[in-house]
Amino acid sequence: MKTDIEIAQEATMNRITDVAEKYGIDQDDLELYGKYKAKLSDDLWDKVKDRPDGKLVLVTAINPTPAGEGKTTTSIGLTDALNRIGKKTVVALREPSLGPCFGIKGGAAGGGFAQVVPMEDLNLHFTGDFHAITSANNLLAALLDNHIKQGNALRIDPKRITWKRCEDMNDRVLRNIVVGLGGRGDGVVREDHFVITVASEVMAILCLSNDMADLKKRLAKIIVGYDVDGNPVTAEQLHAVGAMAALLKDAIKPNIIQTLEHNMAVVHGGPFANIAHGCNSVQATRFALKLGDIAVTEAGFGADLGAEKFFDIKCQMAGFRPDACVLVATVRALKYNGGVPKTDLGIENLDALKKGIVNLEKHIENIQQYGVPCIVAINRFASDTDAELQFVEDFCRSKGAEFALSEVHGKGGEGGEALARAVLNTLETKKSDFHPVQELSAGLYDKIEAVATKIYGADGVDYEPKAKKAIDELTALGFSNVPVCMAKTQYSLSDDPKKLGRPTGFRITVRDAYISAGAGFLVCLTGDIMTMPGLPKKPAAFNIDVVDGKITGLF
């Protein structure tokens, strides 16, 4: 089979104006970025905002493994399949970060014959949204350091600055740095830090904002640090809000591109799910709900991260009520969870499958905890045997979950029709009774405990002194009613990436916590999670090139 980029580059794309026209969008309601990309205008929202919402379907997955699961691929293939059987469907996705594109993970445009295009543009720069977010973040950092250099009228304590610079690249040497070196004119010497752009609070704010007015209110609340008396200092006090908003003026507008089968994809925002809240923008989802009979969206990594944050943070803040949830898994990944090495995953092994399926079991239970009907989608591989597939199907149905095989990677929308019918059947016969696990009225400790015990399956939570001090101080400052955003490894239900399957008898350790006041949630750091990843020994960047005017090696 051809590579993803070969399939994408050989595809015939329709003009984005023609794709939009199928969904009732006039060219005047688009801001074009060439022939195949566009932003949706504010005027369009005024035209569609009073329409009834379509059905909302979340696509999530089991914990990721080296065997691959295919969540974005499933989201796109399901969208094409639903359109094939007569349901006008829009997919809402996140934008890829350059860091993993050049690192180890690769891009995020789907795969095989279930992709969005132009995939090279999407994975590299796209419409410049991430650059705008990076610039706004770093403008605030520059204004902060300049304020201290120019006399520090706000009496900011240089030892209690919490705002970090950012860059959309995996660059581990920037995690901990010293700024202000040189002469007197070069600023105040202090320790500083970088996070990857997708972990910046500005990213979270953009993705959770309803409009420009809401964006500015949230930017104003950003806490950059504390003064010598322990009072928080905000972006508003630094007079940064207007200029930051100006940099984000275009980035706040959702982007549209197309699937390989010429259906609409709204692609906007991109916070990571292991170190941030992992969902595309509220505005993108709202547009998808208004423009289609069904809106398909995804949340990053496994359901313990992306789905939990989608339900507990995004849905609570935006008022969304999901109608169904597709849980993606593969036989290979389940056998990996059962202890089979990657080299032997193509061999039938029902014993390992029985051991590893407990990971899928826990994720089904978690989705059902939220009162949302669950459909398990098994991405089929050629090595899967009938006995293995039958075992997984029987297991899922015994747990009250719908089941379908998916072959969208190799067959596009046609390979997703069984899944599409299973989703439609669920939407028509099962009513969602959505309710979050995190109760906003509960205290911060209670919300952390709820996620750790109910979603991860932990026996409890331990707090390092630094984390406990931060949570107690933030509670005293009046932040107890915000949801928590757990920064945790994606590879395990626990905070130890080596504990596969469904671990028991473990506790979650919170080593630090900080408030993202503009985004409106508390971030809890667990385990060894880093907010600035590093590159592997052989990064994907080694394989990327431009040959005869075409990008090669991108996947």
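This report covers one buried glutamate, one helix pair and one sheet in a predicted model.

## Basis

Local features need pLDDT of at least 70, side-chain atom pairs count only at pLDDT 80 or more, and totals for chains, interfaces and linings use all residues. Residues are numbered from 1 along each chain as its sequence is written, and side-chain values use heavy atoms, leaving out hydrogens and water.

## E417

E417 sits in helix α17 (residues 417-429). Helices here are DSSP runs of H or I with at least four residues, strands are E runs of at least two, and both are numbered from the N terminus. E417 is buried, with a relative accessible area of 17%; buried means under 20% (1.4 Å probe, protein chains only).

Leaving aside residues up to four places away in sequence, E417 touches A81, R84 and I85. Contact means heavy atoms within 4.5 Å. The E417 and R84 side chains make a polar contact at 2.9 Å. That term means a pair of N or O atoms within 3.5 Å; within protein, one must be able to donate a hydrogen and the other to accept it, and residues adjacent in sequence count only if both atoms are side-chain atoms.

## Helices α14 and α15

The axes of α14 (residues 350-369) and α15 (residues 386-398) come within 11 Å and cross at roughly 35°. Axes are lines fitted to C-alpha atoms, for helices over the stretch in contact; angles run from 0 to 180 degrees between N-to-C directions.

The contact includes L353 and I357 of α14 and F391 and F395 of α15.

## The sheet

Three strands form an open antiparallel sheet, ordered β7-β12-β13. Strands pair if DSSP finds at least two bridges between them. β7 (156-161) and β13 (232-234) are the edge strands.

Conventions
Buried means under 20% relative accessible area, exposed over 50%, partly exposed in between (1.4 Å probe, protein chains only).
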